[in-house]
Amino acid sequence: MENDLCCLNGMGDFERLMSNTGHSGQVERTKTLFEEIRSLIKNNDEEYCSFWRPVLPWGGVYIIRAGQKAVSCIPLYVKVNLKNTCTIDGFLMLLYVILRDNHTFRREVGLFLGKQFVEYFLYLMDSYDYTTVKMLWIWDRMSKCQYRSAIHQAALEIDLFGNEHENFTQNLENLMSTIQESLCSNWCCPSRFQELLQNTININPPHELPDRDPIQSAVDEFFCSKIVLCKEFGCNGLREFSQREFSHGPPPFIILNMQMWKSEDLSYVPYHLAFSDHRYSLEGATLFNKEEHHYSAAFQIDGFWMHYDGLRPDNLILLNKPPELLLLSSLVYVRAMDK
């Protein structure tokens, strides 16, 4: 039967989540997961190599201590089964790499997601506690309407089947928020002045391929000023849009939703993009397998590209060529460091 998780109210609270996993404070790790991956790349000369253990495996089982001790003095526990977690797995991996590879970004991301969230997220990843990482994201960042829950034989099931941008990108608060103002030339326009706010950056493929890079052209179109016919009912004026600006300054990273783009529209993916006069560099991408309805991810460390796929036994491998039969779902760019 459907369950609205009412019995778990408050479990998103950090103190209860930490106590449930036995973590009461930040502990220094001798070697981070990021350093382990970097060592694999640096010390391996083989044509094919994979990480020594699974990283963020698909799904997961999480055990909750559900209440007071029973009459038999045995604590009551509830098993939470996670399904279809690939809609958050790839982005969680990318978020980890970005935060570990760019130390100055942690404070900036913490302003939006919370400092405690960022610290605990990194701790759990470096502790290989991957199921708790997923539960942290689900309970702290996602709304209940973004996943399905049900009870099967006294075990709770959380199903994340859906779209990765709904499950991840839209839950980044206003980290990528932009604002654009518009003014109609018609003084009688019912909504003459408007402010347009967007929390994500949605770029559409061009109707005709431009002479230069189509992705940069689409980004420029998103941010540029323009004059169009006013769409307000009964208005025949011209609406002038100002140049779009970031609401809180240039974000540490930007996610571009590429699901509407066809492979033939992308002869190549640019390694650098300009977003409103700010320079960004390609850090990773998420990929979609249409036959399996499954997401995976790719990211770069020190110029080497890794492919992450939570469904595979060797789920983190060094890439010698792009993964085959996969569609591009998103591109992830990080802000270039100021010199």
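I began with the β1 strand pairing and noted that I64 stands opposite V78 in β2. The model is a predicted one, and I read it as such.

**Sheet.** I counted 6 bridges between β1 and β2 (residues 77-83), and the two strands run antiparallel. I then followed the sheet outward: 4 strands make an open sheet in the order β1-β2-β4-β3, with mixed pairing. I found β1 and β3 (148-152) at the edges; each has a single partner strand, so one side of each has no neighbour in the sheet. Direction ignored, I have neighbouring strands turned by 25° against each other on average. I also looked up what crosses this sheet: α6 lies across β1, β2 and β4 (155-159) and runs at about 70° to β1.

**Surface patch.** I placed I63 in strand β1 (residues 60-65). I noted a relative accessible area of 42% for I63, which is therefore partly exposed. I63 forms a nonpolar surface patch with V61 and Y77, and I recorded about 280 Å² of accessible area for the three together.

**Helix α4.** I went through α4 (residues 105-113) and listed F105, E108, V109, G110, F112 and L113 as buried. I looked for their cover and found that it includes α3 (86-101), α5 (115-126), α6 (130-141), β10 (253-257) and β16 (327-335). After α4 comes G114, and I noted its positive phi, near 100°.

**Salt bridges.** My search of the whole structure gave 11 salt bridges. I looked at three pairs in detail.

I found the side chains of R38 and D302 in a salt bridge at 2.9 Å, N to O. R38 is in helix α2 (residues 33-43) and D302 in the loop between β13 (294-301) and β14 (304-308), so this pair ties together parts 264 residues apart in sequence. I have R38 as partly exposed, at 30% relative accessibility.

I next took E157 and K83, whose side chains meet in a salt bridge at 4.0 Å, N to O. E157 belongs to strand β4 and K83 to strand β2, so the pair ties together parts 74 residues apart in sequence. I noted that E157 counts as buried at 18% relative accessibility, whereas K83 counts as partly exposed at 31%.

Last I checked E292 and R312, and their closest N and O atoms are 3.0 Å apart in a salt bridge. E292 sits in the loop between β12 (278-289) and β13, and R312 in the loop between β14 and β15 (316-318), so the pair links parts 20 residues apart in sequence. I have E292 as partly exposed, at 41%, and R312 as partly exposed, at 33%. I closed with a network: salt bridges that share partners join R38, D101 and D302.

Terms used:
Residues numbered from 1 in each chain as written. Predicted model: local features only at pLDDT ≥ 70, side-chain atom pairs only at ≥ 80, totals over all residues. Heavy atoms only, no water. Patch = residues over 30% accessible without salt bridge, like charges linked within 9 Å, V, L, I, M, F, W, Y side chains within 5 Å. Areas by Shrake-Rupley, 256 points an atom, 1.4 Å probe, with all protein chains shown as cover. Buried < 20%, exposed > 50% of the residue type's maximum accessible area, 1.4 Å probe, protein only. Contact = heavy atoms within 4.5 Å. Pairing = 2+ DSSP bridges. Axes fitted to C-alpha atoms, helices over the stretch in contact; angles between N-to-C directions.
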